[in-house]
Structure formats: structure tokens, C-alpha cells
Amino acid sequence: AGGSLCPSGNSDMGELWRSKKMQLVQLIVQNDAAHAVMSHLGELGKMQMRDLNAGTSFYKRSFVDEVRECDELGRILRSIGDELDAAGIKPAQTRVDVLELPELGKVDTQLREVEVELESLKASQALFEKNHNALEEQAIVLAMGKNFYNTGEGALASRELEADNELLSLSEFGAPSSSMLGVVAGVVKTEFVASLERILFRATRGNCVFQQKRIKKLLLDAGTAKDGPELTQKSFFMVFFTGGVLGDKVSKIATYFGATLYKYPDLPGEHARMVVEVDRRLTESSEVLARSTAILNNALQRCAHDYALWTHVVGREKMVYDALNKCEFDIKRHVFIAEGWVCTDEYEMIHAELQRAAISRGLDTRPIMNQLRSRLTPPTFVPTNSFTSGFQALVNTYGTPRYREVNPGAFCCILFPYLFGIMFGDFGHGLLFALFGLYLISKEKEWEGKDLGDMLEMVYGGRYICFLNGVFGAFVGLLYNEAFAFPMGFFGTSRWLGPGGETCANGEDCELSPELGIYPVGIDPIWHVTENKITFFNSLKMKISIVVGVLQMSLGVFLSLLNHLEYKDYKKVVFQFIPEIVFFEGIFGYLVLTIFYKWATDWSCVGDGICQPAPSLLTLLINMFMSPTDDITTPLYGIECFGGPEDGSSYKGGCSNVFALGYCSYPALKAACPHSCEGYLGISSGPDGSTVGSYVDKLGPNAGQLKVCISPMQSSIQGTLLIAAFCAVPVLLLAIPFIEIYQHSGKRGNQSYANLDDDTDGAQPAPAGEEHHEFSAGDAFIHQGIHTIEFVLGGISNTASYLRLWALSLAHSQLAELFKDMILGSGLKSRIENPYLAAFVLFIAFSMWAIISLVVLMAMENLSSFLHALRLQWVEFQNKFYYGDGQKFSPFTFAAIGQAEE
């Protein structure tokens, strides 16, 4: 799955990056060589045929009779296959590529003879089975009826019944009697017994006795089965009545319910003779039935030996005639003309192979192969191998890549497992999942090409996905320093020390050791046991989610640039890519930079610290849009603080420095330093009538006085980015439609032809879905408007969507910790003094913890993380550059015979 049937020498990452270049070719061959050339093309499997008779009905094409004949032979093969499946016989695994293939006419004769033979044998087999079943039912009636029928209670008589039994006539058993008491016996489906008894009671007004008993053995029921007799549950019944009129009525009612009536003798001697006769016939019938079954199985075994060969020959000929029906036939020149797509780098090889095939088959003429220039969109061929096929299948499920556009499958191999690993981050769980994937990989030679069933086939197809998902889950768990919810010091003990210099313990105020420095890799394990663990991990994982999301979406925007360059659509480079990157990076790229800057800044008052509370980035982003002109009083960078104690690298002095630096234009500083900024020294009152005492500067050097911080740099940068982002939207919305209107103005009615010498590789194909469409200005504005709205609003919603990385990671960690503490922890902390009982309790707790962890974390959480990672890959990442509206390369190849359609 995920790869094309077209073989390729090597599937490297360069080919996975973009689909291979395709060339439209024309093939001209004499009519008498058409079948041979087309057969060799099917053996090569490197050309996708174009239908040159697309407007012609199937029934008006040249080889409709041959195709119908192949369909009829295919029907016969399917019926033979059904018989083989019913008999439990598997067709022989014959390598047809090493055999000399027979002609279709010979196979036709063989198949029709086999069909007639099997139908005759099946009819005989069915007749023998019905006869044997009737004898079994008669034997059961005689055996069970003896328990109900007592001849010693009086003179019992029986009346001859007209039982409609086409397989066995038992009229010679017994003779009619004229006694007053009659009996009707037989078998009927168990589900009809209650209804039959109720109807008989009402019809005879209670003048009959109904006895029944379930038969343990399943018996054949030929009355309702559409595909022949089938085994069903039946019951024996016997009805006692008086009078011949009631006997006829009882027989008709029982027959209406599908019952089979059998003769039951009323005299012991006749009963004994009949039992002996039925047993003798059963023995003979068993031998005949066994002999018939053996003959049928031998015939099916012969069919199984040649079944694969017949299937290949019929499928091969049908494909050849279907391909020939797509060709044009020139009646005057007696040639047929075929067109198709081939890989550009394989054109010379295909041409040489056709010439060589013509010589080896003794053809009088050589096929002529021409390269065609076309504006048609070629099919997409992305070669894959066992490693990349699973990831490419994820991409193809969304849509086949457009011809020559950047293939997301090249990035899915790493980005998808990485997103999964962030949500599934646990070293223990990730390692187990990686080992599971490694086990599936080790089964490649044993399982490849075999029928594994739907579920196992799906899991096996994604074996490398499972392996890499586990590897990245273990890697991220290594960064979290967490395994099975246990904090692990993979890279040494904690760098946080207690008051006495010892390792930090619960409930202590700890400080980071300046000698030891920060933890070398990942998160310090002490954070897993702190009281503010949830707060810390929430903040960290939320920011990681935003950073990863913005970086991945930025990659998607830059990949769209490569698509524009590949298609030589330079107007989209200038008026789509540039506005998109300006808008996206001006807002969300800036948010990522602020996250990194906040992480890298020392906000403490020690040494060269800022000595300022760290700002909320969410508040920063909201104020950037909602209050762009207001002073930033809690800045992130470029901090300049006035007033308060003289500490920190951001301290700039008091109100006198505010006036000297020209910062009186900032409302916050102007309100804090009215005296210095307005110059009211020596004036008894202010303009509003306030006294000098109340109209004074509020900033001072003491710790208790007002302190105001601003950042002119941050205000200027945020304002510039905001203006650039808003200006990019109308450019993105309007520029391209107006350019397209200008390009198409004055050219209506003129047909543009491509110069054959302009491009050595052929004319540049139009993007998929855009050829043969008349330009419409309204459609251009609507299309670009939809794209603009989707990109602008999607930039916000997609960024928020990446928070699922944080949510799923937190859920996985908390569930693992819950199971560890509540289940495994209860067993570890049990205070049972008896060591054997304590070991048993621990074993039970460990077993429950392992099972619940396997079901919930390794299965349910695994699937949840997989689906969320797939959503991020498809929607948030791929919609920045990926159209997915291409046509998959489907070569004409005999290798597809017998394979299920994807």
C-alpha cells in the first residue's frame, strides 16, 4: 500500500521528495503485432495507457467480444474458486513467470470441460446426499417412534399416507391397516414444532395426540437453501388420531410446514424388518457417498493444480484486450496507435525493450515510439520501499500528491513519529512499542505476501510506523526523564539542593546548585516530585506545543515556495508566499521568539538578573492586538525601569532621567512623573488647581515607592510587525486575481501553442485541475478569497490546535502516574507481615497494573495519540502547501493480476 505497481530500480529519498518526471509517448505498431507488443508492455509494467476512445461506448469497441469471452472465463474461474474454498482446498502456488503460458483458446476449452464435469459431479453428489439424508431420517423415525408407539395397548392400525418423497419410496415397508387408530410420523425443523402442534390441535379440535423430540444430529434441509442443501436443526414428531379424514388433514398440515413424512409400521415384526432394511441401505449409501466425494475431491485437486495458471492467462488476456480497446486503429495504414505515460528516465529502456521483443518474436515490423508534448497533467509516481510505503500510505489516504509538488511523505517519516512521541512521551512505554514494531519488522521474510487477515495486515503494513513511533516516544520520555511514570535520573541526580547542600527532598525549599549547573539532558527529575509539578509541566508542555506547531507550519509555508518555483508560478512567489510568511511569522513566529527569549532570560534579582516579574506571553499577544498603542508596563525585552530600589540591569534611574531621556511622551511615565515632565518647579499650583504638594513626582529610590517599567524597543517592534501583518492580508487577497485578469485580458479567443524547442523535457504541465478551464474573474476572486480566509483564520486555529500535544502528553503522564500510585503503589505499600501473602498481593497488584497499562496506555492512548498526530499532519501541516488532487500512476502491468484493488 502506498507505492505504485511500477517497478523502479532504487527508491531513495530524492524520489520521495517529488514524484518522478513523466513523459507522454505514442506507440505505432502494425495490426498483426498489436497483441504481441501489448503483451510485452504488460510484462514490463512501466506504461500507463491513455484511453484514446474515451467517448466510444464499450459495446462499439474493436475487441468487445474477446473481453466478454474473458469475463465468461473469469466467471467460471470464480465458481471453481468457490468450490475449492468450500472443499478446503488451496490452489497450488505456481510461479507462472517460469512456465510456458498456454493459448487462451486452450484454456477456454479446459475451463468449459471442467465446468461441465464439476456440475455433473455436484449434481450426483447432491442426489446422493439427499438420498442418504432421507435414509438417516427414516432410521431416526423408526428409532424414536418406538418410544411413543405401543402396539400392546390394543389393535393399532395405520393408514397408507401419500408422502411426497422424490428420493426414497418406502411404500414397500409395511401394509395399510384398517384399524380405528392412525399415526403420522416424520421430521420437521425445530423452529416449526410449536406452530405445527398448535395448528394440529385446532384443526382436529383436540382429537389428536402430538409427540415430539429434538434430534441431536444436524440434518440436511433442501427446501429453503438457495445454494443447495444445508444442515439444520430438526425434530422428530408423531401424531396419533382416529379416522381417515383426520389423517389426510394432518398430513397436509404437516407438509405445509415443510415436514418430511415417513412410513411407520404398526406391527413389531414389520418394524424389525424395516429397521434391518434401512440399516442395509444406509451402509450402501455411505459407501456410494464416500466414493462420490472422493471423485469430486480428485477433480477439484486437478483444478487446484492449474488454477493459478488459468487465472493468470485469463487475467492477462483480458488486460491485453482492454488495453487494445483504448488504442486507435488506422484502417488505411493498418496500424494501431497507443498513447501512455512513462517515467522520463525509463523511456530509452522501454524503447529498447520493445525493439528487442519485436526481434525475439519474429515480427516483420518494429514498433515506432514517439515523444509527445502535452499540457495534460501527468500521473503521479512516487517510488516507495518497505520503509517509506507505510508513511506514504498515510499521505495517500488524504490524497494523491499533485504531479511534481512537494510530497509530504518525505517529511511524514520523521515529523509524524515526532508528534506522536511528544504525546506518548514515556521511555518505558515508548521502548515497548518500539520492540513491538521491531518484532513485526523481523517477520518480513515470513509474512510478506501472505494473507494475514484485515487487522494484522493493517498493523504489519505500518510496522515501521510503529517502530519509529516507539523510538520517538522513548526519546521524548528520555527528555522528560520518565519511565512507566517513575522519575528516572538517566543523566545523574538532581541539580537542586536543599538548605544543607544535600539532595532536595519533598517539602523543602531548594535552590539550583551553581557548582553543578543545570541538568545536562531533559528535565531535572526533581520536578516530578515537587508540589508545583502540574504547574511547571503545564507551562513547559504548552510552550513546547506552540513552538513545535509554529515551526512545522512555517516549514509548510516554505514548502509552498518550492511548489511555486517548480511550477514557475512567480506571481505566487511574490504575492502569495511573501504575504503569507510576513503575516504568519510576524505574529506566530514572533510568539515563538518571545517563548525562547523568556526561557533564556534570568528574571531573578541575583547578579545580572532583570529583577522584574516575567510577563505573561498570552497577555502580551492579546495586548499586541487589542491595545497596540498602550504602554507595555510589563515588558519582555528592552526593559527600562524607573523608580524603586536600584537593583537589576534594567534600572534607569528616577524621574529626572525620564525627562532627560525624552520618555515623557509615555503616558505611564508622564503620570508617574508629572512634576518633572510638566516643569512645574516653584509654581504654587498646577493647571487643575492642585497644590504643589499633591502634584509631585511619584517615582523614588526606596523599595516602597512606585516603580514603572517600559520598553520602547518592544513597542516599536510589535507595532511594526502588526502593521506588516495587516498590510499583508489585502495583498494576499487582491494581488493575484488582478494579475490574472491582466494576463487574460486581450487574449480571449487566441489559442497559445507551446514552442517545442522551449523546454528540452517537454512542455510544462498545467497544475492538476486547472487545464481546459475558461478563465473567470469571479472565480479567481472567490478562490483567492477562500485561500486568504483559510490561511488567516487557520493560522490562529491551527496554532491553537497544536495544544493537543500538551493535552495528550499531560493525559498520558497523569494516567500512568494514577495507575502507578493507586494500583502498583498499593501493593508496594502493603503492610502484610506474612512474606508469602505479601508477595502474592504484590503479584496481583503488579498484574493488574501491567494489564491496565497495556489496555489503556499502550492500546487506547496509543490509538488516541496516533489519530491526533495524523490530524496535525493532515490539516495543520499539509494544508499550507499540499493540494493532494493528483492522479496516481497506474501502469499496465500483469503484476496486478490477482491483487486486490487498493
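**Close-up 1. Helix α15 against helix α24 in this predicted model.** Helix α15 (residues 533-566) packs on helix α24 (residues 835-877) at about 45°, with the axes 10 Å apart. That makes the pair oblique (neither under 35 degrees, nor over 145, nor 65 to 115). On the α15 side, Q552, M553, L555, G556 and L559 touch Q873, E876 and F877 of α24 (contact: heavy atoms within 4.5 Å). Sorted by class, this contact has 4 nonpolar, 3 polar and 1 charged residues.

Local features here need pLDDT of at least 70 and side-chain atom pairs pLDDT 80 or more, while totals for chains, interfaces and linings use all residues. Numbering runs from 1 along each chain as its sequence is written, and side-chain values use heavy atoms, leaving out hydrogens and water.

**Close-up 2. E566 reaches R18.** These two form a salt bridge, with the closest N and O atoms 3.8 Å apart (side-chain nitrogen of Lys or Arg within 4 Å of a carboxyl oxygen of Asp or Glu). E566 sits in helix α15 and R18 in the loop between α1 (13-17) and β1 (22-30), 548 residues apart. R18 is buried at 9% relative accessibility, whereas E566 is partly exposed at 21% (buried: under 20% relative accessible area; exposed: over 50%; partly exposed: in between; 1.4 Å probe, protein chains only).

**Close-up 3. Two salt bridges along helix α7.** R280 pairs with E277 at 2.3 Å, N to O; they lie 3 residues apart in α7 (residues 268-325), about one helical turn. K318 and D322 come to 3.1 Å and are 4 residues apart, again about one turn. Both K318 and D322 are partly exposed at 27%. Shared partners also join E277, R280, R281 and E284 into one salt-bridge network.

How values were computed:
Axes fitted to C-alpha atoms, helices over the stretch in contact; angles between N-to-C directions. Nonpolar A, V, L, I, M, F, W, Y, C, P; charged D, E, K, R; others polar.
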